[in-house]
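Student: Got a minute to go through this one with me? I'd like to start with a side-chain contact.

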Amino acid sequence: EVRPVAPPTVDAATSVRETQLIGAKVISRDEKESGEVRRIVDDGGSPKAIVEYGGMLGIGEKRVAIPLADITLVSHGKARVSLLKAEIVDLPDYEG
């Protein structure tokens, strides 16, 4: 018996686009790989992607929050941000 595959489960605060961003490599406006989207958070109406970069094997990585409005999913597993790599590095650490 063939059964239809259920759509991915997402909560009301997470759109399918946001779900597709999780795990995507982040490319900065100056074409530099700038980390990976780890999760999506909503801090009161302004959803943000939590991007980790730097470090090795999970040690020394920095996490920053980038508004979803500044991110475009360009292909499966790849997202472009409207920030330069230097601007991403200068963002405050995300502690959430």
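Student: Which side chain does the side chain of Lys48 make a polar contact with?
Tutor: That of Ser46, at 3.0 Å. A polar contact is a pair of N or O atoms within 3.5 Å; within protein, one must be able to donate a hydrogen and the other to accept it, and residues adjacent in sequence count only if both atoms are side-chain atoms. This is a predicted model: local features need pLDDT of at least 70, side-chain atom pairs count only at pLDDT 80 or more, and totals for chains, interfaces and linings use all residues. Residues are numbered from 1 along each chain as its sequence is written, and side-chain values use heavy atoms, with hydrogens and water left out.

Student: Is Lys48 buried or exposed?
Tutor: Buried, at 16% relative accessibility. The cut-off for buried is under 20% relative accessible area, with exposed over 50% and partly exposed in between (1.4 Å probe, protein chains only).

Student: Where is Lys48 found?
Tutor: In strand 3, residues 47-53. Strands are DSSP runs of E, at least two residues, numbered from the N terminus.

Student: OK, the sheet. What order do the strands have?
Tutor: 4-3-2-1-6-5, in an open sheet of six strands with mixed pairing. Two strands pair if DSSP finds at least two bridges between them.

Student: Which strands stand at the edges?
Tutor: Strand 4 (62-67) and strand 5 (71-75). Each has a single partner strand, so one side of each lacks a neighbour in the sheet.

Student: And what is the bridge partner of Lys25 in strand 2?
Tutor: Glu36. Strand 1 (residues 25-27) and strand 2 (residues 33-42) pair in the antiparallel sense over two bridges.

Terms used. Helix = DSSP H or I, 4+ residues; strand = E, 2+ residues; numbered from the N terminus.
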